[in-house]
Amino acid sequence: MVHQWQCRECKFTVWSSKQSELVDAVKSHLLSHYKHTVESDEFSLRWDCPYCNQTSQSYDADEGLAKFKNHLFKHVSALIDSGVHVADRIDRVGNILILSPLETAGADNARVHFTSPADVAVFVTNNPAERVRFLDNALQSWPAWTTILTTKAQPFADVTDIDLEAAPLDIAILDKGVSMTELGETLVRVLDEQQTSNSRLTVGFDILSELLRLFDTETAFKFVHVLNSRLANMDALTHYYLNPNAQPESEINVLKELFDLQIRAKGSRFRTV
Ligand SMILES: [Zn+2]
Ligand SMILES: [Zn+2]
């Protein structure tokens, strides 16, 4: 079950399946708002609560700060919602940018979260073997149908631990020189073929950084923009992955505008950026 906390002072939201991790993130966030009410010198630390005017003084700085964070949290703990889905924020249709290195626990946690409500899942990836291992291990069951789009030749050569013949899985190997238009057309066609009247569609898109590397920024942005609107028209939920450490911050800031929601994924935690 995923828990959510939304700040009343700003747009920050954090989600986690682990309540304790959520609480830690909330406390740190609250402190970032109210640091100015903390005064300290070499002997003591003193704070004033912005909510109830309680003041406190401690002779140990770490202890004093922890006490302040616990106190602040008591004022907002009722804002925690449980049993939510991050995609509720966008009514479960649209596109989400997940800032995280691709092969991490955080990214996999996002893949579980955004794939698990799906009947039809598509992954556009250079790591097809990792994605089928993920589908087999991390999800309670495979989606009714999964298609993997990749340019990797012999994508499952080293996957001997899963019976892929028996899995509800299709693979489309694209030419290495595939154009963005062809990629987009193939993706839409695959979804179209698998879609039934009530099926929920998700797309996991791993190759954003490749597109930014291979094409100029404007061309890549235009592609994402067009693809996003086509997939949203099909009522799909698309989750894009991008390693924030491998991209200039200015580029990420512009790119963020193309998405309905932007989050950072780390461990079992997601937070808005
Ligand atoms: Zn805030
Ligand atoms: Zn207070």
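Biologist: How many disulfides does the count come to by this rule?

Modeller: Zero disulfides. The rule asks for a pair of cysteine sulfur atoms within 2.5 Å. This is a predicted model, in which local features need pLDDT of at least 70, side-chain atom pairs count only at pLDDT 80 or more, and totals for chains, interfaces and linings use all residues. Residues are numbered from 1 along each chain as its sequence is written, chains are lettered from A and ligands numbered from 1 in the order written, and side-chain values use heavy atoms, without hydrogens and water.

Biologist: What makes C49, C52, H71 and H75 donors of the zinc ion (ligand 2)?

Modeller: Distance. A donor is an N, O or S atom within 2.8 Å of the metal (3.2 Å for Na, K and Ca); water is not among the atoms, so sites may look incomplete. Here C49 SG, C52 SG, H71 NE2 and H75 NE2 lie 2.0 to 2.3 Å from the zinc ion.

Biologist: Why is the site of the zinc ion (ligand 2) called tetrahedral?

Modeller: Four donors count as tetrahedral if all angles lie between 85 and 135 degrees. The angles here are 101 to 120 degrees, so the site is tetrahedral.

Biologist: How are the donor residues spaced in sequence?

Modeller: The pattern is C-x2-C-x18-H-x3-H.

Biologist: How do you know whether C49 and C52 are buried or partly exposed?

Modeller: Buried means under 20% relative accessible area, exposed over 50%, partly exposed in between (1.4 Å probe, protein chains only). C49 has 1%, so C49 is buried. C52 has 36%, so C52 is partly exposed. H75, at 30%, is also partly exposed.

Key
Tetrahedral: all angles 85-135°; square planar, octahedral: opposite > 155°, others 65-115°.
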